[in-house]
Amino acid sequence: MPSVLEFDFCKILQKFLCVFLILLCTTVRQLEVTGDASHIIRLKNVASCPATAEEWKKQAKIWNCESIITTVNITLKYHCLLNHWRNETLEFCGEEKPIIGHYCPEFNQRGNRIQESWDKKCIDSKPSCPFKFISSDVLNYPDCLKLQVMIDNNDVNMDSGDIYRNLKIAVPIIVFLVILIICALVCFCYKQKRNNNEESRSTTEVENSLL
């Protein structure tokens, strides 16, 4: 009976790993799709963003983003954001994105998407930003639109948004590998124990038959 239970335990581990692997692949695929889901149209470099609500509305009217018809029926809004290095100002029509965590929004040129700027918080700015707001409301938080002078960024290969996204993909894979190793060790120990028990029983049977 013990050997059967041990064998079944290893079978259960194998099934668990298969299910976990399927969930992992689905999660990674979803992260990849989500990361590239932004709809950005008519990207343009400008000297600065509109400084007042009136100027913002005037520029939004000129761009007329709402009139653009997309294949997935998404309403586009006028945006004016800084890039990740905060040394370029970009105007474009894009899908509104929720910005979470008291961070300023930024435009990831590599990923062609709007995202949180992990290097720039606006909670201490005047006025301060809420924990969650819409990317097109960045005008209300002027500190998010201030350019900064960069000495040299030629050696930068990846911005913080790309790093964060890659971590979200890498961590589940590492967790899966750790679980895989642990399960393999547990299964190996059980099989060794089963083999030792079988050898012990065989030895006992031989000794009994000789008596």
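## Aromatic pairs, salt bridges and backbone features

The structure holds 5 aromatic pairs, where rings of Phe, Tyr and Trp (its six-membered ring) are paired if their centres lie within 6.5 Å, with planes under 30 degrees apart counted as stacked, over 60 as edge-to-face and the rest as tilted. The rings of Trp-56 and Tyr-78 are one such pair, with centres 5.2 Å apart and planes at 70°, so the pair is edge-to-face. This pair links distant parts of the chain, since Trp-56 is in helix α2 and Tyr-78 in strand β2, 22 residues apart; helices (H or I, at least four residues) and strands (E, at least two) are DSSP runs, numbered from the N terminus. Trp-56 and Tyr-78 are both buried, where buried means under 20% relative accessible area, exposed over 50%, and partly exposed in between (1.4 Å probe, protein chains only). Phe-133 and Tyr-141 form a tilted aromatic pair, 4.9 Å centre to centre with 55° between the planes, and both of these residues are buried. Trp-56 and Tyr-78 also belong, together with Trp-63, to one aromatic cluster.

The model is predicted, with local features requiring pLDDT of at least 70 and side-chain atom pairs counting only at pLDDT 80 or more, while totals for chains, interfaces and linings use all residues. Residues are numbered from 1 along each chain as its sequence is written, and side-chain values use heavy atoms, with hydrogens and water left out.

As to the overall arrangement, the chain has 3 helices and 7 strands, which follow the pattern α-β-α-β-β-β-β-β-β-α when read along the sequence. Of its 211 residues, 34% count as buried. Among contacts (heavy atoms within 4.5 Å) between residues at least 6 apart in sequence, 64% join residues at least 24 apart. The accessible surface of the chain comes to about 13600 Å², of which 60% belongs to carbon and sulfur atoms; accessible areas come from the Shrake-Rupley method with a 1.4 Å probe, and for residues only the protein chains shown count as cover.

Charged side chains form a further group of interactions. Side chains of opposite charge can pair when their charged atoms come close. The structure holds 3 salt bridges, each defined as a side-chain nitrogen of Lys or Arg within 4 Å of a carboxyl oxygen of Asp or Glu.

| Salt bridge | Closest N to O distance |
|---|---|
| Glu-66 and Lys-77 | 3.5 Å |
| Glu-95 and Lys-97 | 3.9 Å |
| Asp-143 and Lys-146 | 3.0 Å |

The salt bridge of Glu-66 and Lys-77 links distant parts of the chain, with Glu-66 in the loop between α2 and β2 and Lys-77 in strand β2, 11 residues apart. Glu-66 is partly exposed, with a relative accessible area of 44%, and Lys-77 is likewise partly exposed, at 28%. Glu-95, by contrast, is buried at 18% relative accessible area, and its partner Lys-97 is buried at 17%; Asp-143 also counts as buried, at 19%. Another charged side chain, that of Lys-121, lies over the face of Tyr-103, at 5.0 Å from the ring centre, where a charge sits over a ring if NZ of Lys or CZ of Arg is within 6 Å of the ring centre and within 35 degrees of the ring normal.

The backbone has some features of note. Most residues other than glycine have a negative phi, and most peptide bonds are trans. Arg-42, in strand β1 (residues 40-46), has a positive phi near 60° and is partly exposed, with a relative accessible area of 46%. Asn-64, in the loop between α2 (53-63) and β2 (76-82), has a positive phi of about 50° and counts as partly exposed at 38% relative accessibility. The peptide bond from Lys-126 to Pro-127 is cis, with omega near -5°, and Pro-127 is found in the loop between β6 (113-121) and β7 (132-134).

Two strand residues illustrate the surroundings of individual positions. Thr-89, in strand β3 (residues 89-95), is buried, with a relative accessible area of 2%; leaving aside neighbours within four places in sequence, Thr-89 is in contact with residues including Val-46, Cys-49, Cys-80 and Leu-147. Ile-100, in strand β4 (residues 98-100), is partly exposed at 36% and, with the same neighbours set aside, is in contact with Glu-116, Phe-131 and Lys-132.
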